[in-house]
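Biologist: I am new to this model and would like to understand it through a single part. Please pick one strand, look at it closely, and then show me what lies around it.

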Amino acid sequence: MTPEVLAALEAAKAAKRPVALLTRLTDGAQHLFPGAGLPAPLAEAAAKALREDAAANVTADGAPWFIHPHNPPLRLIVVGAVHIAQALVPMAQEVGFAVTVVDPRRAWATAERFPGITLIHEWSDDAVAALAPDSRTAVVTLTHDPKLDDPGLDVALKSECFYIGALGSRRTHAKRVARLAEMGHAEASIGRIHAPVGLNIEAVTAPEIALSILAEVVAARRGAALARRAAPATAVAA
Amino acid sequence: MSDSEDILATAATWRAAGETVALATVVETWGSSPRPAGSRLAVSLSGKLAGSVSGGCIEGAVADAAKQTMASGAPQLLDFGISDERAWEVGLACGGKLKVFVEKLT
């Protein structure tokens, strides 16, 4: 790998730009996508690898090429700078997420509580809308205060984000479902919300709850059966 | 990709510090290989290792090959697996097969 290719890969990462590295396995010749002068079949394979976030092997002009996608990190938007968020944020970073914490309560969302983390002190609808969740984004609301959580959920439900989770008991969630329905969200759409949030591992402490949430986010990302809830939320007493 | 998985950045840091560095990348897997295509292991001539290309079964053999590549500058495509009959064969306990591309950071 030449210094130029290495520098270009590092620059793309710093700028959060998707880039694919193409390597001819017979002699180590390398190209980047997007980039000039790529034969169409290689460019198409590179675009597909980035889209699917999966490495690929292709043959071009009789030679084997390895297509290695380098996508920007998955994103996690956490609404609520609460105790569970303090446990969830570093775990999520370790798993590879770029994390943003949203909470208008400046006493909660502080650099002391979340060192080095991007904090947004706005209402969750404005903040989540500005962050523009896409298919590589997960949104988790942790305040269980409707006026703080609901606006963010409203925006998340209108996005393509791959995971939405909301802290709160079944009873809390049943009320939330009713409010979101009043806001005009369809039942199927509201069904995207994982609530009570996280895999059921009987978590008790804040780090345990964070672990259950992160495990469910990963399960959703990887299409695991564990991420699918059996039934939509109903008004069961918690 | 988290910092802990960002082997390329680690390799770049070593290179910038003047070390001789090779990068090994899993390019293809069959069966129950523990690490997917794209997984990386960085090796320095001074003996540093970062990342992985397997569950630990073949890292030693890959590091040996990396030292050859650091010396010659020539990349290598390594085949590992139960059917591998090379002298330096190290079978994968899991029964998987994989190909690893080794290149020098110039």
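Modeller: Happily: here is a walk from the whole model to one strand, and then out again.

This is a predicted model, in which local features need pLDDT of at least 70 and side-chain atom pairs count only at pLDDT 80 or more, while totals for chains, interfaces and linings use all residues. Residues are numbered from 1 along each chain as its sequence is written, chains are lettered from A and ligands numbered from 1 in the order written, and side-chain values use heavy atoms, without hydrogens or water.

Let us start with the setting. Chain A holds eight helices and 10 strands (DSSP runs numbered from the N terminus: H or I of at least four residues for helices, E of at least two for strands). Its C-alpha atoms fill a box of roughly 65 × 40 × 35 Å along the principal axes. Of the 238 residues in chain A, 47% are buried (under 20% relative accessible area; exposed is over 50% and partly exposed lies in between, using a 1.4 Å probe and protein chains only).

The part I have picked is strand β4 of chain A, residues 63–70, where seven of the eight residues are buried. On one side, β4(A) pairs with β1(A), residues 19–24, in the antiparallel sense over six bridges (strands pair if DSSP finds at least two bridges between them). Thr23(A) belongs to β1 of chain A, and its bridge partner in β4(A) is Phe66(A). Thr23(A) is buried, with a relative accessible area of 3%. The C-alpha atoms of Thr23(A) and Ile67(A) are separated by 6.7 Å, although these residues are 44 apart along the chain.

β4(A) also has β3(A), residues 56–60, as an antiparallel partner, joined to it by five bridges. Here Thr59(A) is bridged to Pro64(A) of β4(A). β3(A) and β4(A) form a hairpin with two residues between them, and Asp61(A) in the turn has a positive phi of about 50°.

Now for a helix earlier in chain A. Helix α1(A), residues 3–14, has 12 residues and reaches 16 Å from first to last C-alpha, close to the expected 16 Å (1.5 Å times one less than the number of residues). Its buried residues include Val5(A), Leu6(A), Leu9(A) and Ala12(A). They line one face of the helix, because seen down the axis of α1(A) the buried residues fall within an arc of 130° (taken from the directions from the helix axis to the C-beta atoms). Glu4(A) and Ala14(A), on the other side of α1(A), are exposed.

Further along, Arg105(A) lies over the face of Trp108(A), 4.9 Å from the ring centre (such a charge has NZ of Lys or CZ of Arg within 6 Å of the ring centre and within 35 degrees of the ring normal). In chain B, the charged end of Lys97(B) sits over the ring of Trp30(B), 5.4 Å from its centre.

To finish, a glance at the neighbouring entry in the model, chain B. Chain B has two helices and five strands, which follow the pattern α-β-β-β-α-β-β along the sequence. Buried residues make up 46% of its 106 residues.
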